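Me: I should like to learn how to read this structure. Please guide me through a few of its features.

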2 protein chains.
Amino acid sequence: MNEPGEKFYTARGYAVLSAEEDELTSSMEDYLEMIYRLSAQEGYTRVKDVADSLHVQPPSVTKMLHKLHEKGQVRYEKYGLIRLTPEGRRIGAYLLNRHNTLREFLQLIGVKEHLHEDVEGIEHNVSTPTLQCLLDFVAFLRSKPQIIEEFRHCQAKKIERGNWG
Amino acid sequence: MNEPGEKFYTARGYAVLSAEEDELTSSMEDYLEMIYRLSAQEGYTRVKDVADSLHVQPPSVTKMLHKLHEKGQVRYEKYGLIRLTPEGRRIGAYLLNRHNTLREFLQLIGVKEHLHEDVEGIEHNVSTPTLQCLLDFVAFLRSKPQIIEEFRHCQAKKIERGNWG
DNA sequence: AAACATTTTTAGACCAGGCTATTTTTTAAA
DNA sequence: TTTAAAAAATAGCCTGGTCTAAAAATGTTT
């Protein structure tokens with residue numbers, strides 16, 4: 001049909017597929033990444049802090065903590081402190097690294113306006129092998145700063161010529 | 001807190017925000033993009049074809065058609081053919097272009113394994129200004145093929161050295 | 001044109017991840 | 001140590017995008 005051998009699904013369809021593979025949902029990743037950030041200093045965080053940071057209400061956090069606990073990423077008991085398990089820390093570190101890599105790449109190609117939103121949306125959909133490519137590419141660009149310099153130059157010229165949407 | 005001035009939300013949180021801005025949901029984009037592909041030849045398509053292509057059941061298509069009709073992207077009456085409005089065509093073309101741009105970029109940096117899934121997931125989260133950066137960057141890389149050549153070379157060397165995850 | 005097959009629609013259920021309102025527990029102050 | 005305030009948990013509702021089962025419309029034979 002379209003590209004041969006490629007099956008299309010809706011956004012929901014992909015979500016269901018990855019749930020079947022027992023992967024984390026996008027929201028679970030958001031919570032885990034944030035818990036990882038917040039517990040970096042003290043080794044723990046609290047429901048209220050997570051709620052405030054993610055702009056959700058506390059009951060949403062509690063509910064998600066049960067899920068992350070069941071999945072083995074969070075050590076948690078009622079009214080207690082939130083701590084990641086070693087597994088949770090490993091994943092949290094991975095997620096944060098993925099976030100930062102993506103962010104750095106987008107900055108390199110000149111994204112400014114919706115940087116944060118785009119990173120937050122895109123990160124959940126970057127598979128591990130793709131992340132590896134991105135990492136390699138960012139490292140490559142970092143090692144040859146003239147490339148980005150030249151690209152910036154082209155972009156600037158383009159703006160001058162008024163070729164923009 | 002984290003990066004100053006950046007507000008974090010969960011995946012759902014962002015979805016709600018963009019709904020409030022009256023933007024299309026990810027699923028709506030998937031349907032619209034597919035209708036655009038399928039109706040490219042004949043100028044129309046059918047519920048069954050959309051359902052088969054997106055691996056959903058026909059009632060899901062019907063329901064979504066009502067929404068896209070309300071939003072003014074689809075011309076549609078019961079049991080009839082599905083046609084895009086001019087507005088729908090414009091957006092469809094934009095979505096397809098975004099898809100292809102992203103795909104080309106990922107291919108350039110050497111993505112092979114999950115190319116299709118990653119494109120399908122990422123595309124919905126690429127804002128218009130970010131897409132513009134990507135377009136510029138892909139054009140730049142296309143105009144200087146030595147860059148990608150050299151990058152490929154580095155990647156290959158890296159594999160040789162066994163520095164991979 | 002009658003009968004059968006296919007396509008589409010309708011109706012209603014389900015699930016994740018939010019929410020609000022309320023109750024329970026913990027913490028801080030008097 | 002009793003009381004007030006803050007934090008967390010529970011219960012239950014809502015929404016979007018799916019599904020299935022059943023009904024309705026359309027198309028295709030013969």
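Reply: The turns below take up the DNA surface, the symmetry and one helix packing.

Reply: This is a predicted model, in which local features need pLDDT of at least 70 and side-chain atom pairs count only at pLDDT 80 or more, while totals for chains, interfaces and linings use all residues. Residues are numbered from 1 along each chain as its sequence is written, and chains are lettered from A and ligands numbered from 1 in the order in which they are written.

Me: How many residues surround DNA strand C?

Reply: A residue is near a strand if its C-beta atom, placed from the backbone, lies within 6 Å of it. Here 23 residues surround DNA strand C, and Thr25(A), Thr10(B), Arg12(B), Lys48(B) and Pro59(B) are the closest.

Me: Which element gives the largest share of that surface?

Reply: Helices are DSSP runs of H or I with at least four residues, numbered from the N terminus. H4(A) gives the largest share near DNA strand C, with five residues.

Me: What rotation superposes chain A on chain B?

Reply: Copies are superposed by least squares on the C-alpha atoms of residues with pLDDT of at least 70 in both. A rotation of 180° with 0.0 Å of shift along its axis brings chain A onto chain B, with RMSD 0.0 Å. That is the relation of a two-fold axis. In chain A, the C-alpha of Ile122(A) is nearest the axis, at 2.5 Å.

Me: At what angle do H2(B) and H3(B) pack?

Reply: Axes are lines fitted to C-alpha atoms, for helices over the stretch in contact, and angles run from 0 to 180 degrees between N-to-C directions. H2(B) and H3(B) pack at about 115°, with their axes 10 Å apart.

Key:
Helix = DSSP H or I, 4+ residues; strand = E, 2+ residues; numbered from the N terminus.
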